[in-house]
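Reader: I would like a close look at one part of this protein, followed by an account of how the rest is arranged around it. Please take the strands as the starting point and go slowly.

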Amino acid sequence: EINLLELDARPEAPKDTLNQQRKPFPKLALLAGVLLIVGGLGATAALSYQQTASGTSPLNTLFAGPLSHFSEAPDRNLAGELDDRINILLLGIGGAGHDGAQLTDTIMVASVKPSTKQVGFVSLPRDLLVPLEGYGWRKINNANAFAEMAESGTGPQVTSAVVSKILNIPIHYTVRVDFSGFEKIVDILGGIDVNVEKSFTDYSYPTDDYKYQTISFKEGPQTMDGKRALMFARSRHSGYNNEGSDFARSKRQQKILVGVRNKIMTVDTLLNPGKITDIISTLNDNITTTIRPWELIKLAVLAKSVSEKDFSHIVFDDSPDGLLVSSMVEGAYGLQPKDGTFEQMQLRAQTIFDVASVQSEQIPVTVAVKNGTKIPGLASQTSALLEQYGFSLIDVGNAAIQTREETVIYNMTAAKKNIRKELLEELLKTSVSEPTPDILNENIKKADVLIIIG
């Protein structure tokens, strides 16, 4: 008898040192864990026709049976599970045979909120300038490459520490995959379904022999094989429909990831031991991860219960409403935070699930913002921030008294409507108060919330 939960039964590290102590897990041990899943799938597959004919979903049976049994470990939690947020850093590199093989083409944090079964994706542009130890301010896509040059196999760990510091969130797991592995996995799955939002053509897509080719995508839902999916995820030179940027590419990469997840979770994949074995073989050659076997199973069970409607997406960019600005540093193009710090980016990443909750509200929270100082533009800046989080601004201007030292938030709803109190307090770093008589006499439009900036 083999107890899957006893594989690599190391004690969980303290939260503050977890990222530093966790090393890439040995591939053979990871394969052993997944192969045991395949063994369980074989028995389930034998019953699949009978269950389908009787109206019982084999996929539900699988997760309610073999996999749910493996994942039940009351004394063993996924890293971050007790804090109700599991952060997984996803890195894409070119790999052998590609120019800049160790540069990260994709840098994305996938966050899972177990209590609500939500998933959030946060994409960082590869041109974001960050401090790298020993190198000064460099593009973030260099972190993995520099680490690999210094010591082979340390790239994911170093990049994880950089991303954790920039976003001020713990990174519990890392997964790094190269182009070849990604392409093979999509082909093994039989392609993935993706809805292309906007048509575009790229006349400068790189070929394997360091030349260029023209690729095009038409608007609408379609099935992509591995090569096509990789092109869709990597293209960044289109002059059509604003698809020629790293930011547009980051959005497409998130779509591709959702497509892969959806295809993996289908009955056709989960009940096909041969297909899963092919995926495992590919992963062994093209992936580096810190996810251990029992954690992989528990994550798979959790992923099954997540609906695509519960996905949230953040792509940091230099648009007029974005948080970044382009700049030239030592003759090279880069991106920096508009406010000179990473605080706004951290806030967006930390509150991604709050954003989703606000945006899902059928009745938006209406807000009036008044500048209680003589510093111009504070009300407008605050309004722009709140709009990004789904609040409805109905009155923006100057307060009657402009000598306030501190910002105040007033709950103006008599019926005590849900005004997303915690999110407002986090965004503005102050507490929500009840309005005083003089505040009620302020000449403002009727709003759920009144904010006076100090």
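How many bridges join strand β1 to strand β2, and do these strands run parallel or antiparallel?

Author: In this predicted model, strand β1, residues 86-93, is joined to strand β2, residues 104-113, by 8 bridges, and the two strands run antiparallel. Within this pairing, L91 stands opposite I107 in β2. In general, the strands of a sheet pair through backbone hydrogen bonds, in either a parallel or an antiparallel manner.

The pair of β1 and β2 belongs to an open sheet of 6 strands, whose order is β11-β6-β1-β2-β3-β12 and whose pairing is mixed. At the edges of this sheet are β11, residues 287-289, and β12, each of which pairs on one side only. Averaged over the sheet, and with direction ignored, neighbouring strands are turned by 15 degrees against each other.

The chain just before β1 also has a link to a distant part of the sequence. E81, in the loop between α5 (66-71) and β1, is 217 residues apart from its partner K298, which sits in helix α13, residues 293-304. These two residues form a salt bridge in which the closest N and O atoms are 3.5 Å apart, and the count of salt bridges in the model comes to 14.

The edge strand β12 leads on to the largest pocket, since β12 (311-315) is among the elements that each supply at least two residues of its lining, together with β7 (192-196), α10 (246-264), α15 (352-360) and α16 (378-388). The volume of this pocket is about 1100 Å³, and of the 42 residues that line it, E197, K251, Q254, H313 and V315 are the closest to its centre. By class, the lining divides into 17 nonpolar, 12 polar and 13 charged residues, and the element that gives the most to it is α10, with 10 residues.

Helix α10 also packs against another helix, α9, residues 226-234, at an angle of about 145 degrees and with the axes 7 Å apart. On the α9 side of this contact are A229, F232, A233 and R234, which meet R249, R252, Q253 and I256 in α10. The contact comprises 4 nonpolar, 1 polar and 3 charged residues.

Helix α16, which is another contributor to the pocket lining, leads to a second sheet, because it lies across β15 (366-371), β16 and β19, running at about 155 degrees to β15. That sheet is open and has 5 strands in the order β16-β15-β19-β17-β18, again with mixed pairing. Its edges are taken by β16 (392-398) and β18 (432-433), each with a single partner strand, so that one side of each is left without a neighbour in the sheet. Inside the sheet, β17, residues 408-411, and β19, residues 449-453, run antiparallel and are joined by 4 bridges, with V408 standing opposite I452 in β19.

Finally, a hairpin offers another antiparallel pair to set beside β1 and β2: strand β4, residues 129-132, and strand β5, residues 136-139, pair over 4 bridges. L132 stands opposite G136 in β5, and among the 3 residues between the strands of this hairpin, G134 takes a positive phi near 90 degrees.

Technical notes: Residues are numbered from 1 along each chain as its sequence is written. This is a predicted model: local features need pLDDT of at least 70, side-chain atom pairs count only at pLDDT 80 or more; totals for chains, interfaces and linings use all residues. Side-chain values use heavy atoms; hydrogens and water are left out. On a 1 Å grid over the protein atoms alone, a cavity is a set of points where a 1.4 Å probe fits but cannot get out, and a pocket is an open set with protein on both sides within 12 Å along at least five of seven lines; lining residues have an atom within 4 Å of a point. Grid points are joined across faces, edges and corners, and a volume is the space filled by probe spheres set on the points. Ala, Val, Leu, Ile, Met, Phe, Trp, Tyr, Cys and Pro count as nonpolar, Asp, Glu, Lys and Arg as charged, and the others, Gly among them, as polar. Two strands pair if DSSP finds at least two bridges between them. Axes are lines fitted to C-alpha atoms, for helices over the stretch in contact, and angles run from 0 to 180 degrees between N-to-C directions. Contact means heavy atoms within 4.5 Å. A salt bridge is a side-chain nitrogen of Lys or Arg within 4 Å of a carboxyl oxygen of Asp or Glu.
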